[in-house]
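This briefing goes through a single protein chain by topic, from the sheet and its packing to the aromatic contacts and an annotated span. Please keep the sequence and the structure at hand while reading.

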Amino acid sequence: MSTKIDIRRLRDVNRLAKAGAETVAEHLTQLTGVETEMQITKINVLDIEDLGAHLGRERVVGVNVPLLEHPHGSVLILFEDESAKKLAHSMLGSEPSGGPTYSEMERSAIKEVGNIMTSGFIDGWANVLGRTIDISTPQLLRAEGDTIVEHSVEAGEHEIALVFDSTLEAPDVDVEATIYTFPNIEEFVELINSI
């Protein structure tokens with residue numbers, strides 16, 4: 001099977017990203033009762049081999065969720081520590097603690113928000129594609145970016161990462177997150193070409 005995408009089909013990747021972002025905002029608004037908006041500010045395609053260098057050595061918080069159906073692979077949402085703390089405390093309705101560690105409640109809140117964001121993002125894709133895409137249980141990770149990649153991507157299993165820089169906005173809380181998708185490239189191309 002060919003893994004080439006006609007350059008004109010890239011607008012369909014943009015449609016998937018926009019639909020995913022809108023669905024994330026809807027899900028978070030329903031959960032919290034606070035009007036939330038999510039915008040995708042940039043889309044990149046990276047070679048998996050370059051991903052560790054892209055993420056660097058800074059400690060970040062990630063939620064990795066495997067995809068159980070086409071396009072298989074996984075979705076990883078990364079937050080800088082400060083954004084993760086803000087997000088957790090906006091969910092918990094409390095003020096962020098100043099410490100470098102995370103309480104069990106904070107970890108649980110971040111994992112839940114990551115799960116909601118991932119399921120919303122993938123539901124947006126599924127709506128555009130007219131199908132379902134089931135996801136697995138989220139895994140919370142806190143480590144240097146390149147270490148998170150090692151835990152999120154099987155060596156040799158994926159060729160590319162689609163990177164969606166995004167901003168999540170709600171009253172009194174602005175959080176930046178980066179969404180990495182590691183699809184099976186052949187299945188992803190097949191899905192894009194089916195739109």
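The model described here is predicted. In it, an open sheet of 6 strands follows the order E1-E5-E6-E3-E2-E4, and the pairing is antiparallel. Aromatic pairs come to a count of 4, and Phe-121, Trp-125, Phe-164 and Phe-188 form one aromatic cluster.

**The sheet and its strands**

- The edges of the sheet are formed by strand E1, residues 37-47, and strand E4, residues 139-144, each of which pairs on one side only. On average, and with direction ignored, neighbouring strands of this sheet are turned by 25° against each other.
- Strand E3, residues 74-80, is joined to strand E6, residues 173-182, by 6 bridges, and these two strands run antiparallel. Ser-74 has Phe-182 as its bridge partner in E6.
- Ser-74 of E3 also stands opposite Pro-66, and E2 pairs with E3 in the antiparallel sense over 7 bridges.
- Between E2 and E4, which run antiparallel, there are 6 bridges, and Val-60 finds its bridge partner in E4 at Ala-143.
- Strand E2 is largely enclosed by the rest of the structure, because 6 of its 8 residues are buried.

**Helix H3 against the sheet**

- Helix H3, which covers residues 81-92, packs on the sheet and touches strand E2 (59-66), E3, E4, strand E5 (160-170) and E6, while its direction makes about 95° with that of E3.
- Lys-86 belongs to helix H3, and it counts as partly exposed because its relative accessibility of 29% falls between the limits of 20% for buried and 50% for exposed.
- Once neighbours within four places in sequence are left aside, Lys-86 is in contact with Asp-174 and Val-175. By contrast, the C-alpha atoms of Lys-86 and Ile-160 are separated by 30 Å, with these positions 74 residues apart along the chain.

**Aromatic contacts**

- The ring centres of Phe-121 and Phe-164 lie 5.2 Å apart and the ring planes stand at 65°, so this pair is edge-to-face. The pair links distant parts of the chain, since Phe-121 is in helix H4 (residues 104-129) and Phe-164 is in strand E5, 43 residues apart.
- Phe-121 has a relative accessible area of 0% and is therefore buried, and Phe-164 is likewise buried, with a relative accessible area of 0%.
- The rings of Trp-125 and Phe-188 have centres 5.8 Å apart and planes at 50°, so this pair is tilted. Here too distant parts of the chain are linked, with Trp-125 in helix H4 and Phe-188 in helix H6 (residues 185-194), 63 residues apart.
- Both Trp-125 and Phe-188 are buried.
- A charge also meets a ring in this model, as the charged end of Lys-85 sits over the ring of Tyr-102, at 4.5 Å from the ring centre.

**The annotated span**

- An unreviewed UniProt entry places the feature "domain: CheC-like protein" at residues 105-141, an annotation that may be inferred rather than shown by experiment.
- In the model, the end C-alpha atoms of residues 105-141 lie 15 Å apart, and the span is 68% helix and 8% strand.

Definitions and conventions. Residues numbered from 1 in each chain as written. Predicted model: local features only at pLDDT ≥ 70, side-chain atom pairs only at ≥ 80, totals over all residues. Heavy atoms only, no water. Pairing = 2+ DSSP bridges. Helix = DSSP H or I, 4+ residues; strand = E, 2+ residues; numbered from the N terminus. Axes fitted to C-alpha atoms, helices over the stretch in contact; angles between N-to-C directions. Contact = heavy atoms within 4.5 Å. Phe/Tyr/Trp six-rings, centres within 6.5 Å; stacked < 30°, edge-to-face > 60°. Buried < 20%, exposed > 50% of the residue type's maximum accessible area, 1.4 Å probe, protein only. Lys NZ or Arg CZ within 6 Å of the ring centre and 35° of its normal.
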